[in-house]
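Reader: Please take me through one part of this model closely. I would like the packing of the nonpolar core, and then how the rest of the chain sits around that topic.

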Amino acid sequence: MPESGSGAVAAGPGPWRRGWLVVRSLVGFRTVAALALLASWVLLPDVRAQVLTAFGVALVALAAAEAFTASRLAPAGRPAALLRAAAPAAGAAVLLVGELDDVARLPVAAGAVLVVRGLADLLAARLVGRQCGSTGWLTGLGLAGAGVGAAGLVLTDTFGQAAVVVLGVAWLAGAPASLLLPAHPSSGRLTTAPVPGVATMPLPRRGALADGVYFEAADARSRLVRFTVLLTVATVIATYGVLGGSVAAVIGAMIVAPLMMPIQALAVAIVAGSTRQARISALVLGLGVLLVVVLSTFLASTFRDLEVALLNDQVSGRTNPALTDLAVAVAAGVAGGFALLRDDVADSLPGVAIAVSLVPPLCVSGALLAGGDVRLSAGAFLLFAVNFVAIVVSTSVVLVLGGFGSPEPGDGRPLVTWGLGFALAMVVTAVPLGLSGVETLERETVESAVRLELVDWLDSDEPVDVLDLRVEGDTVAVLIASVDRPPATASLEAAVSDAVGHAVTVEVHWLAADRLD
């Protein structure tokens, strides 16, 4: 949730309204500071150390302003608000006092801010959650902030960038959100945490939205037939598209594929507190996934030259998901949830289908199973699982904020149970993505170093072709074609090892050539 404190509030006691205005000014300060840091970081790359120092000073000023605001809150909310005010001070300490290099300082500072903010929001949930009517929201906000921040601090190389992105997006979006979202009555009175006011959707509108996605509505039979036919067609298009390396065919399959239907139905059922509909949607989705994997495995097993086809970019690009795929899926889920709430943006759904990949990774998984590569098949299926979990979580959050929820007080338990389950699944899937991203970065770093050092190592006037270069852990295998025989690899290994900061073994395989143009 953006670091907003609000939108318009009803007229109330003077001190409370003044408190809300102060909170809004803090939101604006954070947005301006984030914009200034972003602009300086991009436009002044040669003085980034000074930019980080200046940002640290700004964080000190922000901490002082937030502490003053916290002192004006109701007594019950002050402890959590004061702890929240300490978050910018923690980030400033890292930027101004820490002895980290410029690359690591910003992620560690962002992680420190998020951890303290998260702990403060958890404390606020305990102290004033019931008075605000936002115990669940503050708890979720606190767990998310503390979790991402802790990951950024402990595993900076893996999740440091994620911490910077989460905090940056929250602060950049704070000012627009404070203008667009309704204010919660507790803004500036009990907490300085971003607690949005949530309207209640009228029952007729809730019913129409649910009937539009559930598979147990009046036209359930025709809806299931349409789902099965479109999914079968999309599987055929996607399987032959990825095996043939056709980008256009894969995009066409993304548009035709109806897998977003049961995923959105599951999110709606979770928020509505309908366990029955959630189970039905999960069953439809599970059978759909099984259909895609089985059919794609069969189609791939009949494909001529399958081993060669599995080497193309459309296959390999979907076997090693990273945190960027998780970010794309979250954004797509937000867009899909917004389209459910607003009929006037339904035209954006094809774009959402293209942005997030559902059927193609399942087809890649099935094709790799047909080719006997279980490890890469699991990697492709992980990409689908990441997209599925992220879409359900982000769509559910949008639906809650949009006022779609259970009107009955006792129906909130399924939402909490399912919500915690999917949040945990999202965390579990993020860990291998982060580790995979680090491995990919290290592999690309080694590959780049080898290509750069090859030129100096060969020291030949004749042209040289690098036919293949593969990195497996600390071993690099290079296949080159040249007229002159290459020298011993000892000097190349030493140069590459110095460039990447650890020992690397380089195996050079040479093909003699009479002439290279």
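Author: What follows starts with the main core and then turns to the second core, the salt bridges and the strands.

The model is a predicted one. Its chain has 517 residues, and 44% of them count as buried. The secondary structure comes to 20 helices and three strands. Among contacts with a separation of 6 or more, 76% are between residues 24 or more positions apart. The accessible surface is about 24800 Å². Carbon and sulfur atoms hold 64% of that surface.

Now the core. The largest nonpolar core has 51 residues. Those with the most contacts inside it are Tyr 214, Leu 259, Val 268, Val 359, Phe 388, Leu 399 and Phe 404. Eight helices are worth listing here, since each supplies at least two residues of this core: helix 8 (203–213), helix 9 (220–244), helix 11 (260–272), helix 12 (275–301), helix 15 (323–341), helix 17, helix 18 (374–401) and helix 19. Helix 11 gives the most, with 10 residues. As a general point, nonpolar side chains in soluble globular proteins tend to be buried together.

Take Val 359 in detail. Val 359 lies in helix 17, which covers residues 359–370. Is Val 359 buried or exposed? Its relative accessibility is 1%, so Val 359 counts as buried. The cut-off for buried is under 20%. Which residues does Val 359 touch, leaving aside neighbours within four places in sequence? The contacts are Leu 231, Ala 234, Thr 235, Ala 238, Ala 257, Leu 259 and Val 292. One of these, Leu 259, is also listed among the core residues with the most contacts. Another contact, Leu 231, is 128 residues from Val 359 in sequence. In space, the two C-alpha atoms are 8.4 Å apart.

Leu 399 gives a second view of the core. Again leaving aside neighbours within four places in sequence, Leu 399 is in contact with Ala 267, Val 268, Val 271, Gly 337, Leu 340, Leu 341 and Phe 404. Val 268 and Phe 404 are also on the list of core residues with the most contacts.

There is a second, separate core. This one has 25 residues, including Leu 62, Val 94, Val 113 and Ala 163.

Next, the charged pairs. A search of the whole structure finds four salt bridges. Arg 30 forms one with Glu 66, with the closest N and O atoms 2.7 Å apart. Arg 30 lies in helix 1 (residues 14–43) and Glu 66 in helix 2 (residues 48–71), so this pair ties together parts that are 36 residues apart in sequence. How accessible is each partner? Arg 30 is buried, with a relative accessible area of 3%. Glu 66 is at 5% and counts as buried too.

Asp 121 forms a salt bridge with Arg 84. Here the closest N and O atoms are 2.8 Å apart. The pair links distant parts of the chain: Asp 121 is in helix 4 (residues 102–132) and Arg 84 in helix 3 (residues 78–96), 37 residues apart. Both Asp 121 and Arg 84 are buried.

Glu 447 pairs with Arg 451, and the closest N and O atoms are 3.5 Å apart. Both lie in helix 19 (residues 412–458), four residues apart, about one turn of the helix. Glu 447 is partly exposed, with a relative accessible area of 26%. Arg 451 is at 41% and also counts as partly exposed. Elsewhere, salt bridges that share partners join Arg 30, Glu 66 and Arg 117 into one network.

Last, the strands. Strand 1 (residues 464–472) and strand 2 (residues 475–482) run antiparallel, joined by eight bridges. Val 464 has Ser 482 in strand 2 as its bridge partner. The two strands form a hairpin with two residues between them. In the turn, Gly 473 has a positive phi of about 65 degrees. Strand 2 is also joined to strand 3 (residues 505–512) by eight bridges, and this pair runs parallel. Ala 481 has Leu 511 in strand 3 as its bridge partner. Helix 20 (residues 490–500) completes the picture: strand 2, helix 20 and strand 3 make a right-handed β-α-β unit.

Notes. Residues are numbered from 1 along each chain as its sequence is written. This is a predicted model: local features need pLDDT of at least 70, side-chain atom pairs count only at pLDDT 80 or more; totals for chains, interfaces and linings use all residues. Side-chain values use heavy atoms; hydrogens and water are left out. A salt bridge is a side-chain nitrogen of Lys or Arg within 4 Å of a carboxyl oxygen of Asp or Glu. Buried means under 20% relative accessible area, exposed over 50%, partly exposed in between (1.4 Å probe, protein chains only). Two strands pair if DSSP finds at least two bridges between them. A crossover is right-handed if, with the strands pointing away from the viewer, the path from the first strand over the helix to the second runs clockwise. Contact means heavy atoms within 4.5 Å. Accessible areas come from the Shrake-Rupley method with a 1.4 Å probe; for residues, only the protein chains shown count as cover. A nonpolar core is a set of buried Ala, Val, Leu, Ile, Met, Phe, Trp, Tyr and Cys residues joined through side-chain atoms within 4.5 Å.
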